[in-house]
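Biologist: I have not looked at this one before. Can we walk through it together?
Modeller: Yes, go ahead and ask.

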Amino acid sequence: MAAPPSRRASPAVLPDELVEEILLRLPPDDPACLLRASVVCKAWSSAISHPSFRRRLHELHRTPPVLGFFHNWYEDGGPRFVPTTASSFSLAAPDWRSWRALDCRHGRALFLSKCLDTQEILLWEPITGALQRIPVPAKVGRSNAAVLCAVDRCDHRHCLGGPFRVVFVFSGGEDTDESDDEDYVTSACVYSSETSTWGELTSVHGKYSMWFTHFSSVLVGRSLLYFMSNNEFILEYDLARHGLTLFDTPTTDFSRAYAWVFNLMVAEDGGLGVSEIVDPLLKLWSREASDGTNARWVLSRVIHLGNLLPIGFRDVDDRLCVEGFAVGANVIFISAAAGLFRIELQTERARKVCGDRCIGDCNLIPVVSFYTPHSSLEALRGKQHDLLLPLNPTEDRGGEEGGGEEEKILERAQELFDKGCKAIEDRDFTNAIDCFNHALEIRVSHYGELAPECASTFYRYGHALVCKAPKVKNPSDKVLKSVPNEELVKTTATTSKDDSGSSEPSGFSIEPVLPSEKGETLNGKDQEDVNMAHNEVNSDLDLAWKMLDIARAIVAKSPEKTMEKVDIFCALAEVSMKREDRDTAIGYYLEALAILEHLVRPDHFRVIDLNWRICLVFELASKVGDAIPYCAKAISICQSRIQDLKNAMKALLADKDVSASAAEGHSGKLTPEYKISLLSILLARFQKKLEDWSKQCQHQAMA
């Protein structure tokens, strides 16, 4: 009898690190690959949806791909998403019958409702599906708007769900041709998601009526937004000074108004540029500053389209048109009789996108981004793509049964929150992060992202991420780190509460240190592991900053001075220090100190702590002269506190019965003697530093 066939051995399991390296090398311009990979197993899905994976995609591939574009087609008048990827890929764009596409930037797309009676703006995150409706400040039919991230120093690699701003521009005045001297007013205002309000209007006067329905906006740097009117005037909005400026395109030929031969773009030097079609040439212009505030247009490049596009791409009577520019990918879209083409400016390679001809009142809005299937946090409030459904998940739930289910879900969120706080106490930061992540998902889904009930969870989540990251090397801070701060625990326990009223103390944290920060020499595989660890740390810090910044935006809505604001500002300062952004850290520490001094007595230990931290940051920033006043203040508070403790001890010793009772009461707590000892150590440290810094300033003054 033949022996049964032997069973084949199971293939060896690939290490997680190798799997991630393979997934990272899937073509970024084919997002369907990652989408399919994410459903293979839970481990792959977790790896792909982690924020560090998205960051590594940016680091490896650098230039984000053009996933597709929204377009207000002339034929049906509504936006739709047209993919430009290698394989089939789609995004559930809002209903074209109700919305006109305006802009797409920093992971967010902007739409304007077509009904003037109930006009509003819709903000949509294409990757997560999150939605938000915003009322327009003025109901006009010739307006445009732009959206941008509101987080300072954000690299926009993973800013979904964070604060944002919307700039709305519109033109007024009579649309008449009777006089060239007619005074038309073009205005702009800014919406902040942090305050949920529109700011004040700023306006500029001009001779011509401005319609803003054909072109998308362009952001240059962090504060200059440019819009182009249908008659090809350019409107500059400076977010920093809240001012508007009007100027012309490179050549002004009013006889060809509404010919749409120009379109906005970003020039090779990162400044403002425009493209111009002079069939069959594509001219690229850049705006260069000269003579102080004046600027002029400079022709920087000419591309002969006949050498790039296929034979027969245009008819004899046909004209070419630049439909849009993909910022970040450096791609221009051009329409002709044969269809729509994309041209990569760096390589001058052209490829046909689709056979549809874009004509008339159209607007092409590219979606430029790395696509990663979103994690549970990124999907907050983004489970519904159908705009006919209510945005607030509690709106459509009626009856006692629905209310009871919601109560159970919120109780689960509270359990996760408490578990996360306990995990931070136990220094189990990974578990804490997971708990706060899930608690945040529940609370944001129920209350809304910027609801006051979510502030403490955003803060705790960000704080846990900060604690997990390696500490900043700061030998001068060892004494403060070793002080068991009883007062700090009391203060935090009475002021830093979540939405249910519970609280947990937050003191000094013990943080891990990466091997390379210990002075160890690494090579080969060990060095690769350290590099991966550094990448994960950077990703965690980015996410921590976003969570804390959202918490800051929520509490900023209230004018009250609270300890919660102090905690949030201090945590933002810690993230800034880990990023070696000392100026920002100083700013947040100073804001925290200004609030703290209104909440506690002048000699409170946390006032000492914040003054000392400010000193150390100034020292690291080589600004010891600025550190001296805060060091002197810390010394003064320490001396005052020591004297108060000594006076209290004398009073206790004068009454033996009271002294015995006090000694029994201090069992397991810090005794006055121990507090005096610790404060004396700090005082000596501060005095030595003040002496050193004073000498250093004297030497600098004499040099």
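Biologist: What is the order of the strands in the open sheet of 4 strands?
Modeller: The order is E16-E17-E18-E19, and the pairing is antiparallel. Keep in mind that this is a predicted model.

Biologist: Which are the edge strands there?
Modeller: Strand E16 (262-266) and strand E19 (295-304), each of which pairs on one side only. On average, neighbouring strands of this sheet are turned by 30 degrees against each other, with direction ignored.

Biologist: How many bridges join E17 to E18?
Modeller: There are 6 bridges between strand E17 (residues 272-278) and strand E18 (residues 281-289), and the two run antiparallel. As an example of a partner, Glu276 is bridged to Lys283 in E18.

Biologist: Moving along the chain, how do E21 and E22 pair?
Modeller: Strand E21 (residues 331-336) pairs with E22 in the antiparallel sense, over 6 bridges. They form a hairpin with 2 residues between them. Ile334 has Phe341 in E22 as its bridge partner.

Biologist: And what about E22 and E23, how many bridges there?
Modeller: E22 and E23 pair over 5 bridges, in the antiparallel sense. These two form a hairpin as well, with 4 residues between them. Phe341 turns up again here: its bridge partner in E23 is Lys352.

Biologist: How many residues of E22 are buried?
Modeller: 5 of its 6 residues are buried, so E22 is largely enclosed by the rest of the structure.

Biologist: Which residue in the turn between E22 and E23 has a positive phi?
Modeller: That is Glu348, with a phi of about 55 degrees although it is not a glycine. Glu348 sits in the loop between strand E22 (339-344) and strand E23 (349-354). Its relative accessibility is 32%, so Glu348 counts as partly exposed.

Biologist: Why point out a positive phi at all?
Modeller: Because most residues other than glycine have a negative phi. Glu580 is another case, with a positive phi of about 65 degrees although it is not a glycine.

Biologist: Where is Glu580, and is it buried or exposed?
Modeller: Glu580 is in the loop between helix H11 (563-578) and helix H12 (582-596). With a relative accessible area of 59%, Glu580 is exposed.

Biologist: Switching to salt bridges, how many are there?
Modeller: The count comes to 23 salt bridges. One of them is between the side chains of Glu21 and Arg56, at 2.7 Å, N to O. That pair links distant parts of the chain, with Glu21 in helix H1 and Arg56 in helix H4 (residues 51-61), 35 residues apart.

Biologist: Is Arg56 buried or exposed?
Modeller: Arg56 is buried, because its relative accessible area is 15% and the cut-off for buried is under 20%.

Biologist: What about Asp549, which residue does it form a salt bridge with?
Modeller: Arg552, and the closest N and O atoms are 3.0 Å apart. Both residues are in helix H10 (residues 524-555); they are 3 residues apart, so about one helical turn separates them. Asp549 counts as buried at 3% relative accessibility, and Arg552 counts as buried at 17%.

Biologist: And which residue does Asp583 bridge to?
Modeller: Lys623, with the closest N and O atoms 3.2 Å apart. This pair links distant parts of the chain: Asp583 is in helix H12, while Lys623 is in the loop between helix H13 (605-620) and helix H14 (624-654), 40 residues away. Asp583 counts as exposed at 52% relative accessibility, whereas Lys623 is partly exposed at 32%.

Biologist: Which residues are joined into one network by salt bridges that share partners?
Modeller: Glu20, Glu21, Arg25 and Arg56.

Biologist: Back to the surface. Which residues make the nonpolar patch?
Modeller: Leu14, Leu18 and Ile22 make a nonpolar surface patch of about 260 Å². Ile22 is in helix H1 (residues 16-24), and at 44% relative accessibility Ile22 counts as partly exposed.

Biologist: Last one, helix H7: how many of its residues are buried?
Modeller: 13 of its 14 residues are buried, so H7 is mostly covered.

Biologist: What span should H7 have?
Modeller: At 1.5 Å a residue, the 14 residues of H7 (residues 455-468) should span 20 Å. The end C-alpha atoms of H7 are 20 Å apart, which agrees.

How values were computed: Residues are numbered from 1 along each chain as its sequence is written. This is a predicted model: local features need pLDDT of at least 70, side-chain atom pairs count only at pLDDT 80 or more; totals for chains, interfaces and linings use all residues. Side-chain values use heavy atoms; hydrogens and water are left out. Patches are made of residues with over 30% relative accessible area and no salt bridge: like charges are joined within 9 Å, nonpolar side chains (Val, Leu, Ile, Met, Phe, Trp, Tyr) within 5 Å. Accessible areas come from the Shrake-Rupley method with a 1.4 Å probe; for residues, only the protein chains shown count as cover. A salt bridge is a side-chain nitrogen of Lys or Arg within 4 Å of a carboxyl oxygen of Asp or Glu. Buried means under 20% relative accessible area, exposed over 50%, partly exposed in between (1.4 Å probe, protein chains only). The expected span of a helix is 1.5 Å times one less than its number of residues. Two strands pair if DSSP finds at least two bridges between them. Axes are lines fitted to C-alpha atoms, for helices over the stretch in contact, and angles run from 0 to 180 degrees between N-to-C directions.
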